[in-house]
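Me: I have this structure open next to its sequence, and I would love a close look at one spot and what surrounds it. Could you start there and then work outward, in plain words?

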Amino acid sequence: DLAAFEDRQGKLLFVEMAEVVARDGAGYVRYMWQWKHDSDRIVPKLSYVKGFEAWGWIIGTGVYTEDVDAEITAIKKNLSIAAWLILAAVALLLTVLLRASFQAERGRLRVAAALRGSEEKYRSLVESAGEAILMSIAGQGLYANRSMLSLLGYERADFARLDPADLIRPTAE
């Protein structure tokens, strides 16, 4: 008869197991139990119990909650390590992408500066030329040197607003 058996905290665990089965047919019971074969170490345990009506028995199985806590701690540690590794990989990738982007932008700025310098050189060359010069690049805006402006009778601002098709007629090929 296990009716008087109690754990170290005074819980009549086998009575409670019988009550759980009588009330619900099955359920969980928490109690204190010795750690495996070490009678000096008493730890929390959780058992699932269920009635086996054909024989009038109660069958149960339990787990030490310390084992569950240790497993959860190990899983959390592994997830934390994985999260840090993923974060480090993303940070590294972001660093590489940002560096490449900054290098591309620096290159673009160098090319834009070189293009402005080249445009200024060609503009100076065109302005200093003795002949009248008119430029329309890819049909986007017009540019004329002083000689051409005086020949056509336009101010620079008025001339720049003209449509290239108004001044230049394409020829048949």
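Reply:
**The turn at Lys36 and its surroundings**

Lys36 has a relative accessible area of 47%, so this residue is classed as partly exposed. Please keep in mind as you look around that the model is predicted. You will find Lys36 in the loop between E1 and E2. These two strands form a hairpin with 2 residues between them. What sets the backbone of Lys36 apart is a phi near 40 degrees, a positive value in a residue other than glycine. For background, most residues other than glycine have a negative phi.

From the turn, follow the two strands. Strand E1 covers residues 26-35 and strand E2 covers residues 38-52; the two run antiparallel and are joined by 10 bridges. One pairing to pick out on your screen is Gln34, which stands opposite Ile42 in E2.

Gln34 also leads to the start of the chain. Its C-alpha is 9.6 Å from that of Arg8, although the two residues are 26 apart in sequence. Arg8 sits in the segment before H1. Not counting neighbours within four places in sequence, Arg8 is in contact with Ser39, Asp40 and Ile42. Is Arg8 itself buried or exposed? With 63% relative accessibility, Arg8 counts as exposed.

Met32, another residue of strand E1, gives a second view of this region. In contrast to Arg8, Met32 is buried, because its relative accessible area is 18% and the cut-off for buried is under 20%. Beyond its neighbours within four places in sequence, Met32 contacts Asp7 and Gln9, as well as Ile42, Val43 and Pro44. Gly10 makes a further landmark here: 22 residues separate Gly10 from Met32 in sequence, while their C-alpha atoms are 9.4 Å apart.

Next, step back to helix H1, residues 13-24. This helix has 12 residues and reaches 16 Å from its first C-alpha to its last, close to the 16 Å expected at 1.5 Å a residue. The buried residues of H1 are Leu13, Met17, Val20 and Val21. These residues span an arc of only 95 degrees around the axis, so they lie on the same side of H1. What do they pack against? Their partners are E1, E2 and strand E3, which covers 57-64. The face of H1 turned away from the buried side carries Ala22 and Arg23, both exposed. Just after H1, Gly25 takes a positive phi of about 85 degrees.

Pro44, which you met as a contact of Met32, also touches Thr65; Arg30, Lys45 and Leu46 are on the contact list of Thr65 too, with residues up to four places away in sequence left out. Thr65 belongs to helix H2, residues 65-128, and counts as buried because its relative accessibility is 15%. H2 has 64 residues and reaches 92 Å from its first C-alpha to its last, close to the 94 Å expected at 1.5 Å a residue. The buried residues in H2 are Thr65, Gly107, Ala112, Val126 and Glu127.

Val126 and Glu127 bring us to another spot worth a look. Both touch Asn145, as do Ala129, Glu131, Ala132 and Ile133, again leaving out residues up to four places away in sequence. Asn145 sits in the loop between strand E5 (143-144) and helix H3 (146-152). At 0% relative accessibility, Asn145 counts as buried. Its side chain comes to 3.0 Å from the backbone nitrogen of Met148.

Finally, zoom out to the whole chain. There are 5 helices and 5 strands, and along the sequence they follow the pattern α-β-β-β-α-β-β-α-α-α. The radius of gyration is 45 Å, well over the 16 Å that the globule rule gives for 173 residues, so the chain is more spread out than a compact globule. The C-alpha atoms fill a box of roughly 125 × 35 × 30 Å along the principal axes. Buried residues make up 18% of the 173 residues. Of the contacts with a separation of 6 or more, 21% are between residues 24 or more positions apart.

How values were computed:
Residues are numbered from 1 along each chain as its sequence is written. This is a predicted model: local features need pLDDT of at least 70, side-chain atom pairs count only at pLDDT 80 or more; totals for chains, interfaces and linings use all residues. Side-chain values use heavy atoms; hydrogens and water are left out. Helices (H or I, at least four residues) and strands (E, at least two) are DSSP runs, numbered from the N terminus. Buried means under 20% relative accessible area, exposed over 50%, partly exposed in between (1.4 Å probe, protein chains only). A polar contact is a pair of N or O atoms within 3.5 Å; within protein, one must be able to donate a hydrogen and the other to accept it, and residues adjacent in sequence count only if both atoms are side-chain atoms. Contact means heavy atoms within 4.5 Å. Two strands pair if DSSP finds at least two bridges between them. The expected span of a helix is 1.5 Å times one less than its number of residues. The arc is that of the directions from the helix axis to the C-beta atoms. The radius of gyration is taken over C-alpha atoms; the globule rule is 2.2 Å times the number of residues to the power 0.38.
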